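User: Please take a close look at one part of this model, the strand pairing and the loops around it, and set it against the overall dimensions of the chain. I would like the cut-offs behind each term as you go.

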Amino acid sequence: MTRVLHVLDHSLPLHSGYTFRTRAILKAQERAGLDVRGITGLRHVAEGPAIEQAEGLTFHRTPVNPDGSRETGSVPALAEIREVNRLAKAITRLAQDWRPDILHAHSPALCGLAAVRAGARLGIPVVYEIRAFWEDAAVGNGQGREGSIKYRMTRALENRVVARADAVFTICGGLRGDLIARGFDGGRIGISPNGVDMSVFGQPAGRDPSLAARLGLGEGPVIGFIGSFYDYEGLDDLIAALPATRESHPGAQLLLTGGGPMDDALRAQAAASPCAGHIHFTGRVPHEEVENYYALIDILAYPRKASRLTDLVTPLKPLEAMAQRRLVAASDVGGHRELITDGVTGTLFPADDPAGIAAGLSALIDLRCEWDAMRERGFAHVATRHDWADNIHRYQSVYHHLLAPPLNRSIPAAA
């Protein structure tokens, strides 16, 4: 049985898009007959044991200090060097006991660098998977500036890890294309797209009238967003688009579920809107209850602003919505165009344009007679192209080639 050690920034029991993708990968690999574990670096800050079971998966933790304590405190550059060193040592110690065949590291590049260092010491092949370029994610989250020294250093570190890994995956064509433009060989860069565990998302919940009444949603149509409230998500544009949407569809309501850095600003904007009474915030809801909120929403809207991050990276949420047989409407940025075919599996509207968003949403509401067919096409797209039960075979093909005898080893062409 092939053993794969996944090297991670953080993991379950924390909940995030990052941990949900990890859970889906590991669960699918287990069902396919692989023996998998995860190890997290110093940025997994949740309290817990050194070896933790979460949802049936095993995760090993990297202690901050030699005595096992987790106190931190260091200047930034030295702290990052220490992160890599501690994680590399922890991987090596675990590998000497558990004996994995493959190290599969996931971005950020700090995890990748620790893995390639440990892999070189142990003689184990390393697969490095990029979920986003973290320098661009920092810009999108308002924690960095494009072109700054830190931005360029993070990019250089990413390049170093890509060059040293035995094989590389990205989650979408935008990221792969950017690496090729930097001069890397596309033949050793595969794509493992965002996916959905259809055994979890394939059975949508029914609409709960009492929950709808408690939220004050009325007859609708209900336009909604479920996720994190970051600036690049463009929720301010969605709020600004509601008055024009209600001119043609007076019953339209907006339901925003989640939270994040923009929460206070969005609530203030909504309170000042002429449609204030028709904009509903739920705050964060338990993960096990999220499907009940999906069931209340007619159209899931993803109005991401145009940026390098949103053009290169595909989000997970539209796939989850389509798996729930919900309609999706999203801004016309590169990451969305990889997932949604306009007029077929969803609707694309202009980015950074409240009037264009309102026009796109209104046009979709007018096509109510097409809703069922569009929902089914979206569901079929996810089931056939984004089900983890199928997508994990992309990894296994590469694992097989990396573990083949040297004379027979060759990386298969990128998917």
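Analyst: With 415 residues, a compact globule would have a radius of gyration near 22 Å, and the protein chain agrees because its own value is 22 Å; the radius is taken over C-alpha atoms, and the globule rule is 2.2 Å times the number of residues to the power 0.38. This is a predicted model, in which local features need pLDDT of at least 70 and side-chain atom pairs count only at pLDDT 80 or more, while totals for chains, interfaces and linings use all residues. Residues are numbered from 1 along each chain as its sequence is written, and side-chain values use heavy atoms, with hydrogens and water left out.

Along the principal axes, the C-alpha atoms of the protein chain fill a box of roughly 65 × 45 × 40 Å. Buried residues make up 54% of the 415 residues, where buried means under 20% relative accessible area, exposed over 50%, and partly exposed in between (1.4 Å probe, protein chains only). The protein chain holds 17 helices and 14 strands; these are DSSP runs, helices being H or I of at least four residues and strands E of at least two, numbered from the N terminus.

Turning to the pairing, six strands form an open sheet with parallel pairing, in the order β11-β10-β9-β12-β13-β14, and two strands count as paired if DSSP finds at least two bridges between them. Its edge strands, each pairing on one side only, are β11 (279-283) and β14 (347-349). From one strand to the next the twist averages 25°, with axes fitted to C-alpha atoms (for helices, over the stretch in contact) and angles running from 0 to 180 degrees between N-to-C directions. Helix α10 (residues 263-272) packs on this sheet, touching β10 (253-259) and β11, and its direction makes about 155° with that of β11; contact here means heavy atoms within 4.5 Å. Within the sheet, β9 (residues 222-228) and β12 (residues 299-302) run parallel and are joined by two bridges, and G224 has L300 in β12 as its bridge partner.

Strand pairing is also found towards the N terminus, where six bridges join β1 (residues 3-8) to the parallel strand β2 (residues 35-40), with L8 standing opposite T40. Between these strands the chain passes through helix α1 (residues 17-31) in a right-handed β-α-β crossover, a term for a path from the first strand over the helix to the second that runs clockwise with the strands pointing away from the viewer. On to β4 (residues 57-61), β2 is joined by three bridges, again running parallel, and I39 is partnered with H60.

The loops hold some backbone exceptions, given that most residues other than glycine have a negative phi, and most peptide bonds are trans. L12 and P13 are joined by a cis peptide bond with omega of about 10°, and P13 lies in the loop between β1 and α1. A cis bond also joins S107 and P108, with omega of about 20°, and P108 sits in the loop between β5 (102-106) and α3 (109-122). E55, in the loop between β3 (51-54) and β4, has a positive phi near 55° and is partly exposed, with a relative accessible area of 41%. Beyond the edge strand, D352 in the loop between β14 and α15 (354-366) has a positive phi of about 60° although it is not a glycine, and D352 is partly exposed at 41% relative accessible area.
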